[in-house]
Amino acid sequence: MVLRFRNRKEAGKMLAQNLTAYANEENLLVLALPRGGVPVAFEVAKALNAPLDVCIVRKLGVPGHKELAMGAIASGGIGVLNSDVINTLGIDKEAIQAVAAEELQELQRRDRTYRGDAPPLNVENKTVILIDDGIATGSTMRAAIAILQQQQPKKIVVAIPVAPTSTYKELQSEVDEIVCLQIPGILSAIGLWYEDFSQTTDEEVREILDLQSVNFLN
């Protein structure tokens, strides 16, 4: 049966029902890919009684072909490079540094907007549930996974409402577990799987993070 979500909130609640095995688990952390993944992840974190943070990752796109990732950077000065792409295309160090400098500006802006002065939550030895509102090619999710793996979590679980079959199968080999509610053969646009896919704003992200911080402490 083809399921269309009313909105991100409903998608998050439905995901949470498939993640109940992790409820109240010690050293559990829910991470959202902003911005659209945050309202989905909020419902999961609330249901599982887990802290919530954002996983702010910026892909380093190949010059002239931005959708092709040659690496990624994240908060805290963490970065990964795809040596296969870089060597195959002959991308020089200066080009990589130029792209990284540009993406770093946006990463730092989002860091300040979402977290203020607070540092990212530590993922070492944690079970991390990584959430977005859907996956198409999976390039951003792969970048986030690569960044997280450098920080030595105990386990990485990817949870998404919808992803195409090809991307779903590819990600299965990259993480410990993947939970996906809808796996169509072809995914032309994530928004088609939602009745309401209005853009999540920076202000909404900050409000949600603040709210779950209060919920978890209480």
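## Helices, strands and the loop at R35

Helices (H or I, at least four residues) and strands (E, at least two) are DSSP runs, and they are numbered from the N terminus. Keep that in mind as you look around this model, which is a predicted one. With those labels, R35 sits in the loop between β1 (28-32) and α2 (37-48). The peptide bond that joins P34 and R35 is cis, with an omega of about 5 degrees.

## The annotated stretch

UniProt has an unreviewed entry here, and it lists residues 7-182 as "domain: Phosphoribosyltransferase". Over residues 7-182, helix makes up 41% of the chain and strand 27%. The C-alpha atoms at the two ends of that stretch are 14 Å apart.

## Two loops with positive phi

Now for a couple of backbone angles. N125 is a residue other than glycine, yet its phi is positive, near 60 degrees. You'll find N125 in the loop between α4 (93-115) and β6 (127-131).

Q152 is another non-glycine residue with a positive phi, this one near 55 degrees. Its place is the loop between α5 (139-150) and β7 (155-162). Is Q152 buried or exposed? Q152 counts as exposed, because its relative accessible area is 52% and the cut-off for exposed is over 50%.

## From β7 to β8

Follow the chain on from that loop and you get to a β-α-β unit. β7, helix α6 (residues 165-172) and β8 make up this unit, and it is right-handed. β7 and β8 (residues 177-182) run parallel, and five bridges join them. If you want to spot a pairing yourself, look at I160: its bridge partner in β8 is C180.

## What's packed inside

In soluble globular proteins, nonpolar side chains tend to be buried together. In this model the largest nonpolar core has 45 residues. The ones with the most contacts inside it are L19, V30, V44, L52, M70, I129 and I131. α2 gives this core its largest share, seven residues. Why does the core lie between domain 1 (8-55 + 124-213) and domain 2 (58-115)? It lies there because both domains give residues to it.

Let's zoom in on L19. Leaving aside neighbours within four places in sequence, L19 is in contact with V44, L48, I129, V157, A159 and V179. There is also a second, separate core of 27 residues, including L29, V158, I178 and C180. You've met C180 already, as the bridge partner of I160.

Notes. Residues are numbered from 1 along each chain as its sequence is written. This is a predicted model: local features need pLDDT of at least 70, side-chain atom pairs count only at pLDDT 80 or more; totals for chains, interfaces and linings use all residues. Side-chain values use heavy atoms; hydrogens and water are left out. UniProt positions are given in the numbering used here, feature names are shortened, and annotations may be inferred rather than shown by experiment. Buried means under 20% relative accessible area, exposed over 50%, partly exposed in between (1.4 Å probe, protein chains only). Two strands pair if DSSP finds at least two bridges between them. A crossover is right-handed if, with the strands pointing away from the viewer, the path from the first strand over the helix to the second runs clockwise. A nonpolar core is a set of buried Ala, Val, Leu, Ile, Met, Phe, Trp, Tyr and Cys residues joined through side-chain atoms within 4.5 Å. Domain bounds come from an automatic or database domain assignment. Contact means heavy atoms within 4.5 Å.
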